[in-house]
Each structure stands twice: as structure tokens, then as C-alpha cells.
Amino acid sequence: MPNAHPRTVLVLGGDGFCGWPTALDQSDRGRKVVIVDNLSRRKIDAELGTASLTPIQSPERRLEAWRETSGRSIDFVDLDVSSDVEALSAVLEEHRPDAVVHFAEQRSAPYSMLSTTHRNYTVRNNLMATQNLLEAIRLTRLPTHIVHLGSVGVYGYSSKDWTMPEGYLAVTVPSSEHPDRQVEILHPFEPVSIYHLSKCMDAQLFEFYARYDRLRITDLHQGVVWGTQTRLTKQNDLLINRFDYDSIWGTVVNRFLMQAALGHPLTVYGEGEQTRAFIHLEDAVTCVNLALENPPAARERVRIRNQVAECLRVVDVAGVISDSTGAAITYVDNPRIEEAQNTLQVTNDSFSELGFIPTFLRDGIWRESVDIAQRFRDCADLDRIMPHRSGEHVRAVGA
């Protein structure tokens, strides 16, 4: 089995919200890092008239700042992995990575529901990015470990009276000879948007390639990420990470943090009884590294890990932030088609067994994001905080 501690790591989508701090983390650990990105997230900002609250530098300036700050270099390849499997194969042949971290997917549930065009783009981009990566590794015959960023949302957000296992569900399949036979199957999918549906389809692709072509794959079912910075992005203003607060890209915690910083009431959709899984950005980066350093064997099934810290109701999230900042809470009609309330419990045993100690919202490190929001408040477009009721994206369930 290849060395569990990778020496060379490709980060697909390494210019993005999770990809950028992950690339810095891997480089800081002394590994050769190559970012592969077609900058589609920046192009979508131009399409929608949205923007990160924080000023994001060009990839070239970011990487130059990282060299100046750390003395380490990260390579950058401008490539659309969803459309060019030959070029991706060439990158793999050139760098021969021990691992690929796959973030190269359109990540917004509301964006995926904007129109037929956006639905089709999400399916085509996300599915073909995954398919091309799997094919490129198969064609190059490299023992490369894939770590993919999936979503807890594949389990669905209807109430269930059991804890979400890590990907596989134990079921009884009786027969005349074995009336109590137990087997494990992929947990049934219940996607709530085209974005989440694409993650379910990814899982089927992974199952096939792990079983048929013996590829080594870890699928991270990640909760809603909150926070903005990591210890490495804090080291230089030119390394600062994205801060999305609008109704399409901003997740519920960051949207509340932005509202608190501006003295705006925290806008809870419906009664706020929707339960979601959460994880801080620094913890997400830590878990990606733990996954990289603990890969499955060549003939092992897809290893699925729930990358979460805690499950909270939206109203509880608002309460934590309101109690500390004094921000008022207001309840608005829910613009999304979703259950008014749900229960959700998710195990993260596999990461806990590797020593992962999560950060909880009540620990208070979210105040740093409020400070960032206050620092750049003059750049905020207040019209972007709440969803516009025209447009299909209000139907998408997202956090």
C-alpha cells in the first residue's frame, strides 16, 4: 500500500472557499501542492453580480503572497476538469500525485435551482468533473487516493429516528436459509436540490470505480461550513479567504454573522426548527488531512466519513449569536420548499477515532468572522442578504 502520508497532492478547486485553505494546509505540511482550477466561482460572481465581502486576490498574487509568507511554493494549473480528461491525465502524469482532493464542483444548492440552465450546468459540471477524474486515474494507472468533498445533504433533511451512519446502513435481508442475514448498503439517498442530487450521483460513480477498477476513494459527507479564516489564511491579508453572505452562496451561520456585524436583525426562515449539521472551516481542513493520511486499501469499498462537528436547529444558531452580540432575531416567511422542522443526528465516529476534537459554535471563535464583517462592512451589498422571491432558487433547501 502506498505511503499513507502523501508527498504530492493535487487540489481540484483549490481557489475556492474550502479548497484554498486546504491547499495552504497541505503546503504547510511540507507537501508538494498543485492547485487545478478554472476559476468558475469567480466567473459566477460576475454572472450574478455577487462578490466575496473580503477582497480576494488573483490566483497569481495569492500564490506569490504564500511564497513570501511561508517560503513554500504551490503550482497552479488553469484547467476545466469537467471538460478535458486528456489534459487532466497529462497533469496527473506530470505530477504523479499520491492524492487528489476533489473540490471541483458547483457547491450552491440555491444556484443549482435558479433555472434549467443552472440545473443542467450543475449536473454536467459536477458529474463530469468526477467522471473525468476517475477515468484519468484509471487511464494513468496511478495508485492515487481520491478524497472527495460530498455533503451530509445526501441523507436528506426529513426527520429520522436514527443517527445517520457513515455512508452505509445495516439492513436485514432474510432468505429461507439465512432468516437473519445482515448486510450493509449505501444509505438511501434523499436529495433536496439538484446540487445534492449531483452528490448522490457522485457516490454511485465512486462505488462502481472502487469495486470495478479498484480505485481508492474517500467520500466526505460534510456539514455546513462556517467561519472564514484558518490559522494560515490569517498570516497575510493577501491570503484572506472568501466570505460569502448573500442568499445564494452564504450559509446560514455566515449570513447571521454578517447581519450581526451590521446591526441587522438575524432573519430566521419560518420558525427555525430546521436542523442541520455544522463544522468550522479550520476543522474541515483538519478532517481533509486526516482523510488523506488514512486512505482505504486498494480493494476496499469507498470509505465514507461524516465530516461534521454538531447538529443544531437554525433557531439555536441564531440564539447563540444573538446572546453574544445583542442582535435581534426576526422570523420571516420561509422562501424555501422544505419541512418546517426536522430532526437530524449524524455520527462522526471515524474522525473521532483518529483524534479529531471538534470546535462548537458555542466556543465563540465565530466572533472573528463578525470582526471581519465589520472591517469590510462598507463593501457589503445589503440587498444580497435576503433571497429575492422571484426565481426558482428560493425553492432550494440549503443552509
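**Sheets, cores and ring contacts in the predicted model**

Arg 276 lies over the face of Tyr 157, at 3.8 Å from the ring centre. The model in which this arrangement is found is a predicted one, and a second arginine is placed in a comparable way, with Arg 301 over the face of Tyr 168 at 3.6 Å from the ring centre.

Contacts between aromatic rings were also examined, and a search of the whole structure gives five aromatic pairs. In one of them, Tyr 111 and Tyr 121 have ring centres 6.4 Å apart and planes at 85°, so the pair is edge-to-face. Because Tyr 111 belongs to helix 5 (residues 109–112) and Tyr 121 to helix 6 (residues 116–140), the pair ties together parts that are ten residues apart in sequence. Tyr 111 is buried, its relative accessible area being 3%, and ring pairs link Tyr 111, Tyr 121 and Trp 249 into a cluster. Another pair is formed by Phe 208 and Tyr 209, whose ring centres are 5.5 Å apart and whose planes stand at 80°, so that this pair is edge-to-face. With a relative accessible area of 34%, Phe 208 is partly exposed, whereas Tyr 209, at 5%, is buried.

The strands can be described sheet by sheet. An open sheet of seven strands, with parallel pairing, has the order 3-2-1-4-5-8-12. Strand 3 (74–78) and strand 12 (303–307) stand at its edges and have a single partner strand each, so one side of each is left without a neighbour in the sheet. From one strand to the next, the twist of this sheet averages 20°. Helix 3 (residues 59–70) packs on the sheet, where helix 3 touches strand 2 (32–37) and strand 3, and the direction of the helix makes about 170° with that of strand 3.

Within the seven-strand sheet, strand 4 (residues 99–102) is covered on both faces, since Ala 99 and Val 101 on one side and Val 100 and His 102 on the other are all buried. Four bridges join strand 4 to strand 1, and the two strands run parallel; Leu 10 has Val 100 in strand 4 as its bridge partner. Strand 4 also pairs in the parallel sense with strand 5 (residues 145–151), over four bridges, and here Ala 99 stands opposite His 145 of strand 5. Elsewhere in the sheet, strand 8 (residues 216–222) and strand 12 run parallel and are joined by five bridges, with Thr 218 opposite Arg 303 of strand 12.

A further open sheet consists of three strands in the order 9-11-13, with mixed pairing. Strand 9 (224–226) and strand 13 (310–313) are the edge strands, and each of them pairs on one side only; the twist in this sheet averages 45° from one strand to the next. The pairing of strand 11 (residues 275–280) with strand 13 is antiparallel and extends over four bridges, and Thr 275 has Arg 313 in strand 13 as its bridge partner. Helix 9 (residues 281–292) lies across strand 9 and strand 11 and runs at about 75° to strand 11.

Buried nonpolar residues were then grouped into cores. The largest nonpolar core has 40 residues, and those with the most contacts inside it are Val 36, Val 81, Leu 134, Ile 217 and Val 346. At least two residues of this core are supplied by each of strand 1 (8–12), strand 2, helix 4 (85–95), helix 6 and helix 7 (194–212), and the largest share, six residues, comes from helix 6. Not counting residues up to four places away in sequence, Val 346 touches Val 152, Thr 163, Met 164, Ala 277, Asn 306, Val 308 and Cys 311. Another core, of 33 residues, lies apart from the largest one and includes Ala 99, Val 147, Ala 284 and Leu 290.

A polar residue, Gln 259, was considered separately. Gln 259 lies in helix 8 (residues 252–261), and because its relative accessibility is 0%, Gln 259 counts as buried. When its neighbours within four places in sequence are left aside, Gln 259 is in contact with His 264, Pro 265, Leu 266, Thr 267, Ile 385 and Met 386.

Definitions and conventions. Residues numbered from 1 in each chain as written. Predicted model: local features only at pLDDT ≥ 70, side-chain atom pairs only at ≥ 80, totals over all residues. Heavy atoms only, no water. Buried < 20%, exposed > 50% of the residue type's maximum accessible area, 1.4 Å probe, protein only. Contact = heavy atoms within 4.5 Å. Pairing = 2+ DSSP bridges. Axes fitted to C-alpha atoms, helices over the stretch in contact; angles between N-to-C directions. Phe/Tyr/Trp six-rings, centres within 6.5 Å; stacked < 30°, edge-to-face > 60°. Lys NZ or Arg CZ within 6 Å of the ring centre and 35° of its normal. Core = buried A, V, L, I, M, F, W, Y, C linked by side-chain atoms within 4.5 Å.
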